[in-house]
Structures are given as C-alpha cells and as structure tokens.
2 protein chains.
Amino acid sequence: MDSFNFYSPTEFVFGKNRECEAGQLIKKYGGKKTLVHFGGGSAVKSGLLKRVTDSLDVEKLDYVLLGGVKPNPRDTLVYEGIELCKKEGIDFILCVGGGSVIDSAKAIAAGALYDGDFWDFYSGKASIVKALPVGTVLTIAAAGSEGSGDTVVTQEKTGLKRGAGSNALRPRFSIMNPELTCTLPPFQTACGAADIMAHVFERYFTNTTEVEITDRLCEAVLSTMVKEAPRVIADPNNYEARANIMWAGTVAHTNICGVGRSQDWNSHNIEHELSGLYDVAHGAGLAVIMPAWMEFVMPHNPMRFAQMATRVFGCAMNFEKPEETAKEGIRCFRRFLKELGLPINFKELGAKEEDIPLLVEKLGLCENKTWGFVRLSSDDVAAIYHIAAKATL
Amino acid sequence: MDSFNFYSPTEFVFGKNRECEAGQLIKKYGGKKTLVHFGGGSAVKSGLLKRVTDSLDVEKLDYVLLGGVKPNPRDTLVYEGIELCKKEGIDFILCVGGGSVIDSAKAIAAGALYDGDFWDFYSGKASIVKALPVGTVLTIAAAGSEGSGDTVVTQEKTGLKRGAGSNALRPRFSIMNPELTCTLPPFQTACGAADIMAHVFERYFTNTTEVEITDRLCEAVLSTMVKEAPRVIADPNNYEARANIMWAGTVAHTNICGVGRSQDWNSHNIEHELSGLYDVAHGAGLAVIMPAWMEFVMPHNPMRFAQMATRVFGCAMNFEKPEETAKEGIRCFRRFLKELGLPINFKELGAKEEDIPLLVEKLGLCENKTWGFVRLSSDDVAAIYHIAAKATL
C-alpha cells in the first residue's frame with residue numbers, strides 16, 4: 001500500500017425530501033448570498049427548484065439564479081457565472097442538478113476567486129488553491145461530483161474536454177434524495193451506472209500490490225451496481241434500488257476506493273474525446289471505451305482481471321488459464337452494459353471509425369496524464385479506439 | 001434504506017514516517033498551544049513522542065505533556081486533563097496512542113469547554129455541542145476512534161464504562177503510520193482485530209432491508225480482516241498486512257459501513273461490563289461476547305447470518321436449512337478468533353460465571369440503548385453471558 005492522504009469533509013444529507021433543508025445548510029455553512037446554478041427546464045418544471053429556493057426564502061437568504069448548464073458543461077456559461085458572482089457579491093454556490101451542473105458550479109467557484117482566466121486550471125497552467133463554498137442538490141447518480149474535488153469542463157471553441165481538481169472544490173454539503181432520480185429516463189440511468197462503475201474500475205486496475213482493503217471496497221461498489229442497476233432499468237420507481245445506486249455513486253468517487261494505490265484514468269481520458277467530438281453522453285462513451293481498454297491492457301496483469309471476474313461477476317476461476325477467466329469477466333461486463341441498454345461499439349454510439357486519427361490527435365499529450373496501470377502510446381490509444389469501434393458481444 | 005447524514009471531515013494522513021508532520025498539521029488546523037496526551041512509557045521509549053514533539057518544535061508550537069492513560073481510560077485522568085487545559089490555555093489536543101488515549105483526549109476536549117461535570121456527557125445528562133480540536137497519532141489498529149466522533153470512558157469509583165459521541169469530537173486529522181503498530185504484541189494485535197470486526201458486525205446485523213451497498217462495504221472490511229489478521233499474527237512485521245488492517249479499522253468506524261440502516265450495539269454494551277469489571281482488554285471481551293450474542297439472536301434473521309457466512313467466510317449455502325449455514329458462519333468466526341489467540345469463553349478470558357447476575361445488574365438500563373436488531377431483556381442478556389461462559393469450538 002502506498003502512502004496517502006484521504007480527506008472527504010462533505011456533509012452528505014441523504015433521503016426523501018431532504019432538498020427542503022438546503023436553506024438551513026447554506027446558513028450553517030456561512031452562505032449569505034447564493035448563486036443557484038442549474039441546468040435545463042426539468043428542475044423548474046418538476047417544482048424542485050421552487051422547493052429549494054423556498055427553503056432559502058424561509059432562512060431569509062438572498063440568491064441569484066443561473067440556469068442553462070448543458071451536459072458536458074461549457075466554458076462559456078462558466079465565464080458568465082464568474083462575472084455574475086463578482087458583480088453580485090456571491091459568497092456561496094448551490095447547484096441543483098447532476099454532474100454537469102456541479103462541475104460547472106465548481107469551475108465558477110474557483111474562477112470567482114481567481115484573477116486570471118479560469119481555463120488556466122483546466123489547461124494545467126494554474127492550481128486551484130481557493131474557491132467559493134459549494135453545496136449540491138443532486139438529481140442524477142453518476143458523476144460522483146457531489147463527493148469529489150474534481151470537475152470537468154468543455155471548451156466550446158475547441159471541443160476540448162479537460163479536468164481539474166482541488167480539495168477546495170469539495171462540496172460543503174450534498175443533498176441526495178433518491179426520489180429525484182426516479183424520473184430519469186432509462187438511458188440516462190444506465191449511463192450513470194456505467195460512469196459509477198468506470199470510476200471504480202479506474203481505481204481497481206492498479207500496479208500497487210497488497211491493497212486488499214481498497215480492492216474489497218471497489219468490489220463492494222461494483223457488486224452493488226451489478227445487482228441494483230438492472231432493477232432500476234426494470235422498474236424506474238424502485239426507490240430502494242435508486243437509493244443504493246445513488247450512495248454507491250458517491251462512495252465510488254470520494255476516493256475511499258482509491259487511496260493508497262496507483263490509479264489509471266486513461267479510459268476516462270480516451271472517452272472524453274468521444275463525448276467532446278460527438279456530444280454523446282459520457283456514460284455511453286464509457287460503455288464503449290471501458291471494455292475495449294480492458295481487453296487491450298488485460299495481458300499486463302491477467303490475475304487482476306480474473307479477481308474482478310470471480311469476485312464481481314461470479315465467474316469460475318480457471319487456474320490453468322487465468323487469462324480465460326479475465327476475458328470472461330470483461331465479456332460479462334460488456335454484456336451487463338448492453339443489457340442496461342447502452343451502446344457497446346462506435347456504430348451504436350454514433351461515432352465513426354474514420355475519425356479515430358482525429359480523436360487520437362485531440363487527445364494528444366493528455367493521454368498518459370493519469371496512467372497508473374499501463375502507459376499508452378498514441379498507437380495504443382488508436383488500437384483501443386479500433387477495438388471499441390468493432391466490439392460485439 | 002433509511003435517511004441519514006454522513007459526515008467524516010477528518011484528514012487521514014497515512015504511511016511511513018507521517019508522524020513527523022504532526023506539527024505542520026496542528027498549525028494548519030489552527031493550534032497554538034497543544035496538550036500532548038499519551039499513555040504509558042512505550043511512546044517515550046520508542047522515541048515516537050520525541051519525533052512528534054520535535055515536529056511541534058520545528059513549527060515553534062508551544063505544548064504541555066500529559067501521559068498516563070491506561071487501557072479502559074479513567075475519568076480521573078480526564079478531570080486532570082481538563083484542569084490542565086483551562087490552566088494552560090490549551091487550544092488543541094494531540095493524542096499519541098491507541099483508542100484509549102484518543103477516547104481520553106476527546107473527553108478532555110469536550111470537558112475543557114463545558115462548565116459542568118464532564119461525566120454528564122457519559123451519563124446522558126448533557127450533549128456535546130463543542131470541544132477543543134483534536135488530532136491523533138495512532139499506534140494501535142482497533143478502536144476506530146481516530147475516525148469517529150465517539151469516546152468511551154470508565155468511571156473509576158464505580159467501574160461503569162460509558163460512551164458519548166458528537167461530530168464535534170471527530171479528529172481534525174489522524175496520522176496513521178502502520179509501522180508504529182508492528183511492535184504491538186500478538187495478543188493486543190488480535191484484540192484489535194476483534195474490535196474492528198465487532199464494529200462492522202454491529203452495523204451489519206440490522207432490521208433495515210435493501211441496504212446492499214452498506215452490506216457489501218461491511219463485507220469488504222470483514223473479508224479484509226479474515227485475510228490480513230492471521231498474516232500479522234504469523235509475521236508481526238508484515239507492513240502490508242498491518243497497513244490493510246489499520247485502514248480497515250478506520251473504515252469500520254467512520255460509519256461509512258453503517259449509514260442508512262439500524263445498528264445494534266448491544267454486544268458492545270454487554271462486553272463493556274466485562275472489561276469494566278475485570279479490566280480485561282475490550283477486544284478479548286468481544287471475542288467472547290460477540291459470537292455468543294450472534295448465536296442468541298441468529299433465529300431473528302437466519303438469512304442475514306447465512307449471507308455473512310457465505311460472503312465473508314466462504315461457507316456453502318444450505319438453501320433447505322439456511323439456519324445451518326448461519327450457524328456454520330458463527331462457528332467460522334469463533335474458530336477464526338481462537339486461531340488469532342483470543343479467548344472464546346469466560347475461563348479463557350478470566351471472567352466468572354457466578355458474576356453474571358452482577359454483570360446484568362451493572363449493565364442495567366443501558367442494555368438496549370442502541371439496539372437495532374434484537375431488543376434484549378435482562379434475562380436475554382444473562383442467557384448471552386451464559387452462552388459466552390461455556391463456549392467451545
């Protein structure tokens with residue numbers, strides 16, 4: 001096990017109707033004037049936004065609204081939010097939505113206390129050392145952004161999708177009401193499940209040995225997803241399954257599953273170019289890329305894949321040929337994704353094999369920024385895209 | 001799944017030599033004058049205390065020493081510590097030691113900011129709303145106190161062992177260097193393992209249904225202990241096994257394994273009377289009580305025990321007679337404890353069956369304060385003590 005620091009100071013407030021505590025929580029964490037950040041019309045139409053702002057009214061808290069966050073959140077709205085924060089003297093950001101809204105809010109929070117261009121944090125030119133406090137009301141179980149210090153934003157003019165992170169971005173509180181996720185369509189629900197599992201796999205495939213505790217914690221989240229995700233696809237209103245998935249999504253990304261070990265986020269980076277270029281859902285892109293990445297890197301450590309196959313998918317161990325067990329585990333994962341209704345190849349995703357050179361070029365030097373299992377060349381990345389393009393069950 | 005709040009703001013600083021960062025961390029968390037609280041001579045003899053105070057000297061931080069904490073920490077030293085804090089103007093408490101030292105430090109931290117008798121918190125007369133900030137340098141993997149808001153103290157004159165808890169007691173930071181645990185004798189190491197597993201079992205046996213994610217997290221910690229505890233008994237200097245156990249001990253007790261579900265701490269309470277009366281190690285008492293409690297309550301929900309048996313101990317499921325699988329799981333657990341070198345009955349522990357009426361009387365109304373699986377009568381408690389008294393493999 002490697003040395004590590006683990007710090008997850010967010011207060012998680014979980015259960016039915018908890019969004020009505022937003023005002024109290026902002027007050028508790030010192031907010032006086034809040035930017036309420038959200039996405040499209042669904043938060044308005046469903047009445048969620050009103051319930052939330054009503055709770056701010058009860059506490060006599062001032063606020064300003066900024067909606068319009070799109071999936072794969074854009075830098076353009078972030079610039080707008082930063083201006084608004086400075087102009088209005090905002091001292092707290094409450095986001096109501098899923099990972100995109102939270103990621104946008106984190107970018108605004110960091111940018112509002114920074115004199116330069118906020119994109120410096122995403123291009124690697126500057127590090128985030130301070131940010132406005134953020135609170136969240138989560139509506140989608142997927143990104144884990146409600147419990148992480150991470151954020152991903154897309155630059156509109158280039159289509160570049162880049163991440164940044166800092167403990168300063170960890171939300172002060174995150175309100176999680178599983179009921180709010182019940183209206184999410186099956187496809188988005190499945191995309192969220194893929195994202196949650198990818199967050200675990202990217203920690204699971206490591207070169208660090210002797211990490212039984214974090215291996216087991218990873219497997220706990222994965223096993224939960226294998227059980228619960230098909231249940232919500234079959235019955236979207238299953239509160240209990242929604243609740244298990246929602247909490248699993250947070251556990252997957254606070255880094256409790258990843259401390260003390262190398263991690264490998266190459267497959268996330270490889271996917272970012274897909275959703276950047278085609279504006280497809282991140283989780284759908286992961287469903288295509290993740291198993292392809294697994295197939296390509298499996299020979300590096302077949303036993304690790306065999307462990308996943310036996311412990312998570314219940315495969316029988318082939319002690320003479322562990323590679324066979326490893327392959328069977330990857331097959332199980334791809335079949336599981338397909339059964340959730342997700343795409344498993346380029347055609348189903350809406351991507352084009354002839355774009356692969358462009359995808360590889362856009363990924364550029366970013367490709368190995370966070371490798372911790374297998375370092376990839378540009379040719380390797382192209383090979384993974386080609387596996388993903390042609391994948392079948 | 002039930003509604004819940006989860007809040008674990010402690011910064012965990014894990015790995016070799018990290019104790020040398022104590023001074024920097026106290027400074028980061030605002031301490032100016034620190035009470036350094038510790039136990040017996042081992043922290044002095046090993047040089048650990050000097051390494052820690054040297055790191056305070058480097059940061060030019062003032063401090064006062066208070067040693068002498070015993071296992072099952074006493075109220076008498078807590079009173080002394082509170083006086084010292086008030087007299088010296090202490091604004092931070094750093095504890096160097098195991099669960100007993102941390103629990104004593106938390107009591108001092110709460111008492112130092114309270115006008116009444118600190119025992120009010122432990123007798124249930126008052127709630128802890130504020131406390132001096134606490135940091136820890138952990139030397140024993142067991143109590144989980146480094147990541148919890150809980151504390152247990154024994155009243156010297158009565159032998160009563162009582163607990164209190166508050167988020168205000170959660171350490172600001174906890175330094176965890178697994179190397180520091182390598183000198184711990186096998187018996188204490190095994191006691192720690194029993195305590196860690198008990199903390200999980202007390203969350204695992206619940207009346208809340210549909211808690212797959214927390215079930216799986218519990219099983220992750222338990223499976224890790226089943227693998228790693230025998231390794232440290234066989235080879236006390238196995239850093240990797242020590243590291244896995246140390247982090248498992250923290251995960252077991254931040255409550256990440258217990259949110260959203262009823263919990264049942266009766267077996268912990270039942271044990272407290274044993275260690276209170278005989279001054280035996282808490283973990284040794286748990287090794288005697290926990291399987292006995294399991295045998296007594298198993299008929300309430302055999303399937304839950306069968307799940308533990310199959311998922312943690314790898315027992316085969318007997319679908320026709322799940323009670324048999326449940327019993328086999330409890331047998332496996334007792335055998336596992338015995339193989340670690342722990343007592344499994346009163347005689348091996350040094351307790352007397354004829355004291356059972358006294359134990360039941362001392363436990364008094366405390367017995368069901370925290371039941372969430374099976375509510376016990378005094379007769380039930382007596383029955384559990386009798387099972388524990390006579391237990392064999």
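1. Domain bounds, as used in this note, come from an automatic or database domain assignment. For chain A of this predicted model, that assignment gives domain 1, covering 11-180, and domain 2, covering 185-390.

2. Before reading details, a student should look at the confidence scores. Chain A has an average pLDDT of 96, and 99% of its residues score at least 70, while the model as a whole scores 0.97 for ipTM and 0.97 for pTM. As a general caution, predicted coordinates should not be read in detail where pLDDT is low.

3. How far apart are the C-alpha centres of the two domains of chain A? The centres of domain 1 and domain 2 of chain A lie 27 Å apart, and 19 residues of domain 1 are in contact with 24 residues of domain 2. On the domain 1 side of this contact, the residues divide into ten nonpolar, six polar and three charged.

4. An open sheet of twelve strands, with mixed pairing, includes strands from chain A and chain B, and β1(A) stands next to β1(B) in its order. Its edge strands are β3 (62-66) of chain A and β3 (62-66) of chain B, each of which pairs on one side only, and the twist from one strand to the next averages 20°.

5. Within chain A, strand β2 (residues 33-38) pairs with strand β4 (residues 92-97) in the parallel sense, over five bridges; Thr34(A) has Phe92(A) as its bridge partner in β4(A).

6. In chain B, helix α5 (residues 99-111) lies across β2 (33-38), β4 (92-97) and β5 (134-138), and the helix runs at about 165° to β4(B).

Definitions and conventions: Residues are numbered from 1 along each chain as its sequence is written. Chains are lettered from A and ligands numbered from 1 in the order in which they are written. This is a predicted model: local features need pLDDT of at least 70, side-chain atom pairs count only at pLDDT 80 or more; totals for chains, interfaces and linings use all residues. pLDDT is the predictor's confidence in each residue, from 0 to 100. Two residues are in contact if their C-beta atoms, placed from the backbone, lie within 7 Å. Ala, Val, Leu, Ile, Met, Phe, Trp, Tyr, Cys and Pro count as nonpolar, Asp, Glu, Lys and Arg as charged, and the others, Gly among them, as polar. Two strands pair if DSSP finds at least two bridges between them. Helices (H or I, at least four residues) and strands (E, at least two) are DSSP runs, numbered from the N terminus. Axes are lines fitted to C-alpha atoms, for helices over the stretch in contact, and angles run from 0 to 180 degrees between N-to-C directions.
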